[in-house]
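Got the viewer open? Here is a short walk through the model, one selection at a time.

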Amino acid sequence: MVDQQLSEHGSSGRATAPTAPQGAPVSGASGGAPDPGAAGATGDKGLRGNSVGLLGSVVLGISTVAPVYCLTATLGPTVTAVGVQMPAVFLAGFLPMLLVAFAYKELNKDFPDCGTSFTWTVKAFGPRVGWMAGWGLTVATIIVLSNLAGVATDFLYLMLGEMTGNSAVAELNDNKAAHLLTVVVLIAAATAMSYRGMTATKWFQYSLVGLQLAVLLLFAGIAVGKAAAGDLPDSIGFSASWLNPLEVSSFSAFTAGLSLSIFMYWGWDTCLTMNEETSGSAKTPGRAAMISMVTLVGSYLLVAIASQMFAGVGAAGTGLGNPDTADNVFAALARPVLGSPWSILLFLAVVASAAASLQTTFIPVARTLLAMSAYRAVPPRFGTVHPRFRTPGYATVAAGVATAAFYVGMSVISENVVQDTILALGLMICFYYALTAFACVWYFRRSLRNGPRDLLVKGVAPLLGGVLLAAVFLQTLTDAWDPEYGSGAVFGIGSVFVIGVGILLLGAVLMFSYGAYRPEFFRGETLRKDTPALVVED
């Protein structure tokens with residue numbers, strides 16, 4: 001139970017800056033100016049406390065990851081990179097995520113704050129490193145949101161074409177104007193739903209997550225059954241060697257596959273960004289994150305093995321290595337596995353997956369921006385909280401506008417630029433996850449000698465997770481320098497490298513520019529190591 005409860009009403013709807021420790025003057029939610037020198041508690045940012053339980057947190061974590069969407073987008077590219085070792089790479093990708101999850105869990109217990117990576121990294125390494133961690137999370141989320149909207153649109157028209165039996169309906173997706181208009185409408189709808197808050201749409205989320213998991217189980221069961229029957233030309237028998245990452249042909253191929261599999265787990269930390277709104281904010285978010293990840297790895301392994309058994313890894317027909325279907329495997333496998341009209345279920349599951357994730361993925365970016373605003377790391381308007389819905393209203397709308405502008409802008413420039421930006425996404429994810437893992441080790445460095453548990457979960461596990469993610473980050477940078485990694489070159493340098501490094505450099509420019517304009521945060525006046533957290537009972 002939280003002793004220092006989040007306040008129930010804030011008349012201005014604006015998140016207050018960090019409050020001072022107990023006994024010090026504190027500005028209220030009425031909008032009075034806070035003491036700029038107070039490096040206080042997380043305070044009341046205006047969010048609705050105790051509104052999400054363990055089940056709700058688990059559903060949000062799974063929903064944000066969007067397992068059906070991730071599988072249809074990554075099964076093909078992962079097979080292209082590592083062949084039949086795809087299940088092993090999915091399992092290997094789970095390891096650094098699990099190790100980093102220990103860091104998130106321990107940091108959240110000590111300092112439950114919706115800024116998560118941003119806030120914790122500031123407390124460990126200082127304002128500028130923390131600001132860049134927040135930037136990495138924000139940009140990664142915008143890229144994912146735009147891709148989710150694009151995939152949802154693709155499968156929406158495929159599903160409508162199947163339902164009506166009219167190929168002209170499905171072909172509407174090839175009309176750029178119709179496609180972009182639909183994407184913008186979906187983003188606007190998701191923004192509006194996120195603006196109203198998760199409690200208003202929780203049964204919608206429960207239904208969509210339940211549908212995804214049920215369809216994945218149905219798909220895997222039928223695929224394995226048909227493969228076992230032995231009458232499919234491309235099917236292959238299961239081998240335990242598929243689960244051995246040491247049989248991947250090269251380290252470069254392994255890291256390429258690992259980067260894709262890490263993307264498949266991205267989003268589980270949404271459970272933590274809701275920590276100030278969760279019942280039992282010190283323990284529930286961490287438990288929810290662990291449950292979400294175990295559920296995800298189980299479903300990924302099951303579907304990966306089933307798909308590989310059914311379709312094989314060939315480069316023709318329904319083979320998972322076919323370059324013509326690699327970016328959208330379920331579109332090619334839906335009818336062969338489920339048959340007609342049941343193939344519609346898989347299309348519906350992908351639409352549901354993308355739509356559910358499109359809504360919940362606004363959570364981390366909006367709450368990160370809210371926390372950054374509360375600590376004066378970004379403009380105050382990002383701290384605006386809706387007085388009725390108790391959500392970061394301005395930050396949510398800003399994220400929606402940025403997502404729509406990014407997708408439309410990139411699509412108008414070139415479809416290749418969109419794909420290169422998605423490839424650069426792995427860099428952003430590894431960047432801020434690794435920083436958070438290292439922040440945990442440094443933050444708790446003085447308590448690592450308290451006992452074996454502290455040494456393991458606050459030191460060894462996060463450090464190993466951070467090192468693994470940093471290795472993937474550096475290897476991806478090395479590979480991305482080659483123009484062959486993406487769609488081409490810019491002045492002889494691979495376009496994916498240019499986009500990934502360019503995004504990080506843009507963040508640094510914005511950080512120094514804002515620091516010159518509003519230096520309080522960067523001088524350590526609003527958030528530092530000794531800033532106290534909410535008082536939470538175990």
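The stops below go from the whole chain to single residues and back out to a pair of helices.

**The whole chain**

Keep in mind that this is a predicted model. Start with a cartoon view of everything: the protein chain has 18 helices and two strands. Of its 538 residues, 58% are buried. Now think about contacts between residues with a separation of 6 or more: 79% of these join residues 24 or more positions apart.

**Stop 1: helix H5**

Select residues 127-164, which make up helix H5. With 38 residues at 1.5 Å each, H5 should span 56 Å, and its end C-alpha atoms are 55 Å apart, so the two values agree. Show the surroundings too: 29 of the 38 residues are buried, so H5 is largely enclosed by the rest of the structure. Just after H5 comes Gly165, with a positive phi near 70°.

**Stop 2: helix H14**

Go to residues 362-374, helix H14. These 13 residues reach 18 Å from the first C-alpha to the last, close to the 18 Å expected at 1.5 Å a residue. How many of the 13 residues of H14 are buried? The count is 13 of 13, so H14 is largely enclosed by the rest of the structure. Following H14 you'll find Arg376, where phi is positive, near 65°.

**Stop 3: some backbone oddities**

A bit of background for this stop: most residues other than glycine have a negative phi, and most peptide bonds are trans.

- Pick Ala66, in the loop between helix H1 (54-65) and helix H2 (67-82). Its phi is positive, about 60°, although Ala66 is not a glycine. Ala66 has a relative accessible area of 0%, so it is buried.
- Jump to Phe491, in the loop between strand E1 (489-490) and strand E2 (493-494). Phe491 also has a positive phi, near 55°, in a residue other than glycine. Is Phe491 buried or exposed? Its relative accessibility is 84%, so Phe491 counts as exposed.
- Then zoom in on Pro341, which sits in the loop between helix H12 (329-338) and helix H13 (343-360). Look at the peptide bond from Ser340 to Pro341: it is cis, with omega near 10°.

**Stop 4: Leu99 and its partners**

Select Leu99, in helix H3 (residues 86-110). Its relative accessible area is 9%, under the 20% cut-off, so Leu99 is buried. Which residues does Leu99 touch, not counting those up to four places away in sequence? Show Ala461, Pro462, Leu464, Gly465 and Leu468 as sticks, and you have them. Try a C-alpha to C-alpha distance from Leu99 to Ala461: the two are 5.1 Å apart in space, with their positions 362 residues apart in sequence.

**Stop 5: H17 against H18**

For the last stop, colour helix H17 (residues 452-480) and helix H18 (residues 495-517). Their axes are 8 Å apart and the packing angle is about 130°, so H17 and H18 are oblique to each other. The crossing of this pair is left-handed. To see where they meet, show side chains for Phe473, Leu477 and Ala480 in H17, along with Val496, Phe497, Val501 and Leu504 in H18. By class, this contact has seven nonpolar residues, with no polar and no charged ones.

Key. Residues are numbered from 1 along each chain as its sequence is written. This is a predicted model: local features need pLDDT of at least 70, side-chain atom pairs count only at pLDDT 80 or more; totals for chains, interfaces and linings use all residues. Side-chain values use heavy atoms; hydrogens and water are left out. Axes are lines fitted to C-alpha atoms, for helices over the stretch in contact, and angles run from 0 to 180 degrees between N-to-C directions. Helices (H or I, at least four residues) and strands (E, at least two) are DSSP runs, numbered from the N terminus. Angles under 35 degrees count as roughly parallel, over 145 as roughly antiparallel, 65 to 115 as roughly perpendicular and the rest as oblique. A crossing is left-handed if the near helix is turned anticlockwise from the far one by less than a right angle, and right-handed if clockwise. Contact means heavy atoms within 4.5 Å. Ala, Val, Leu, Ile, Met, Phe, Trp, Tyr, Cys and Pro count as nonpolar, Asp, Glu, Lys and Arg as charged, and the others, Gly among them, as polar. The expected span of a helix is 1.5 Å times one less than its number of residues. Buried means under 20% relative accessible area, exposed over 50%, partly exposed in between (1.4 Å probe, protein chains only).
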